[in-house]
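Please walk me through this structure, taking its helices, a pocket and a few individual residues in turn.

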Amino acid sequence: MKIAVTGSSGLIGSHLVAELRREGHDVLSLVRRPVRQPGEVQWDPAAGRLDPTDLTGIDAAVNLAGPGIGDHRWTADYRRQVRDARVRATSLLSNVLAELDPLPGVLLSGSAVGFYGDRGDQAVTETDPAGGGFLAEVCVEWERATTAAKDAGIRVCTLRSGVVLSRAGGALAKQLPLFRLGLGGPLGSGRQYQSWISLTDEIAAIRHLLTADVAGPVNLTAPNPLRQKDFARALGTATRRPAVFPAPGFAVKLALGDFATEGVLAGQKVLPQVLAASGFSFRTPEIHGALADALRD
């Protein structure tokens with residue numbers, strides 16, 4: 001297959017591109033900087049620039065563009081960057097794909113479990129509505145930006161990813177230094193549910209959805225979400241360190257600002273109903289195996 005990928009320099013995108021190329025696929029990486037090597041296409045989502053001729057003949061597109069939601073404190077400016085970067089990039093790509101002849105078969109476009117907001121102990125699937133809060137609002141707009149591709153007849157899946165476990169980046173990479181020093185522990189009360197997925201399964205699920213007969217939202221989460229205190233205990237076991245130093249909610253909020261309330265302390269018990277029904281088989285469905293996999297990267 002000939003596959004265009006945005007966000008190819010990020011944690012998920014870089015691993016996905018490498019895996020697709022190992023499998024023999026022809027991958028086009030959409031980059032914002034000047035092109036440096038074959039297989040790259042320059043685009044500028046902020047300026048609305050993407051030449052449709054650069055994507056002629058692609059079979060699929062995977063859209064993972066956007067700055068990290070928890071990379072900075074949520075100032076008004078950074079909130080705007082988080083929202084605008086995702087919506088503009090997705091809208092531009094979606095509109096260009098809709099112009100292609102022939103049309104690509106599928107667009108897999110990023111989203112997140114933040115779509116559901118804080119649901120406490122309630123289990124949610126793809127049929128549940130959006131929750132409240134900034135992250136939910138961003139995800140709703142992010143997913144809506146794929147409308148042009150969908151209306152043109154392209155199969156569209158929006159990928160509602162949980163916390164992707166990798167020592168190379170994301171939430172786990174930020175926690176590891178403290179846990180390796182024996183200073184880790186639950187965040188907040190520890191009772192809030194955390195929905196996660198190993199990087200291995202995240203990449204495998206995206207590859208699966210390139211050809212699976214699935215459209216609409218898809219939760220990319222392991223089938224066994226767990227409470228934050230249990231995640232901390234499992235990470236302590238994986239690092240062979242005690243996990244007995246909880247970070248109180250007020251301390252987490254002081255360190256992370258508004259992101260703490262929606263991104264760390266919110267309860268999200270998200271189940272991968274659509275992915276499971278499509279025949280996908282998780283390689284690391286349990287947290288201990290997933291953490292072992294992540295720390296082996």
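The model is predicted. A pocket is a convenient place to begin: in the lining of the second largest pocket, H6 gives the most, with 5 residues. H1 and H6 each supply at least two residues of that lining. The lining comprises 11 residues, and those nearest the centre of the pocket are Glu19, Arg22, Leu199, Thr200 and Ile203. Sorted by class, the lining has 4 nonpolar, 2 polar and 5 charged residues. The volume of the second largest pocket is about 190 Å³.

One of the helices that line this pocket, H1, spans residues 11-22. From first C-alpha to last, its 12 residues reach 17 Å, close to the 16 Å expected at 1.5 Å a residue. Which residues of H1 are buried? They are Ile12, Gly13, Leu16, Val17 and Leu20. These residues are on the same side of H1, because they cover an arc of only 125° around the axis. The general rule behind such a pattern is that an α-helix has 3.6 residues a turn, so residues three or four places apart point the same way. The cover over the buried residues of H1 includes the strands E1 (2-6), E2 (26-31), E4 (60-63) and E8 (163-165), together with helix H6 (199-209). H6 therefore appears both in the cover of H1 and in the pocket lining, to which H1 also contributes. Just after H1, Gly24 has a positive phi of about 95°.

Helix H11 can be read in a similar way. In this helix, residues 287-296, the buried positions are Ile287, Ala290, Leu291, Asp293, Ala294 and Leu295. Among the elements that cover them are the strands E8, E10 (196-198) and E12 (226-227), and the helices H5 (170-180), H6 and H7.

H7 covers residues 228-239, and Gln228 lies in it. Is Gln228 buried or exposed? Its relative accessibility is 1%, so Gln228 counts as buried, the cut-off being under 20%. Setting aside residues up to four places away in sequence, Gln228 touches Gln175, Gly185, Pro186, Leu187, Gly190, Gln192 and Gln194.

Arg240 is found in the loop between H7 and helix H8 (249-256). Because its relative accessibility is 75%, Arg240 counts as exposed, for which the cut-off is over 50%. The phi of Arg240 is near 60°, a positive value in a residue other than glycine.

Another backbone feature is found at Pro102, in the loop between helix H2 (76-99) and strand E5 (106-112). The peptide bond from Asp101 to Pro102 is cis, and its omega is near 5°.

Strand E5 holds Leu107. At 1% relative accessibility, Leu107 counts as buried. Which residues is Leu107 in contact with, leaving aside neighbours within four places in sequence? The contacts are Ala61, Asn63, Leu93, Leu97, Thr146, Ala149, Ile154, Arg155, Val156 and Cys157. Gln175, one of the residues that Gln228 touches, is 33 Å from Leu107 in space, C-alpha to C-alpha, and 68 residues apart from Leu107 in sequence.

Note on methods:
Residues are numbered from 1 along each chain as its sequence is written. This is a predicted model: local features need pLDDT of at least 70, side-chain atom pairs count only at pLDDT 80 or more; totals for chains, interfaces and linings use all residues. Side-chain values use heavy atoms; hydrogens and water are left out. Helices (H or I, at least four residues) and strands (E, at least two) are DSSP runs, numbered from the N terminus. The expected span of a helix is 1.5 Å times one less than its number of residues. Buried means under 20% relative accessible area, exposed over 50%, partly exposed in between (1.4 Å probe, protein chains only). The arc is that of the directions from the helix axis to the C-beta atoms. Contact means heavy atoms within 4.5 Å. On a 1 Å grid over the protein atoms alone, a cavity is a set of points where a 1.4 Å probe fits but cannot get out, and a pocket is an open set with protein on both sides within 12 Å along at least five of seven lines; lining residues have an atom within 4 Å of a point. Grid points are joined across faces, edges and corners, and a volume is the space filled by probe spheres set on the points. Ala, Val, Leu, Ile, Met, Phe, Trp, Tyr, Cys and Pro count as nonpolar, Asp, Glu, Lys and Arg as charged, and the others, Gly among them, as polar.
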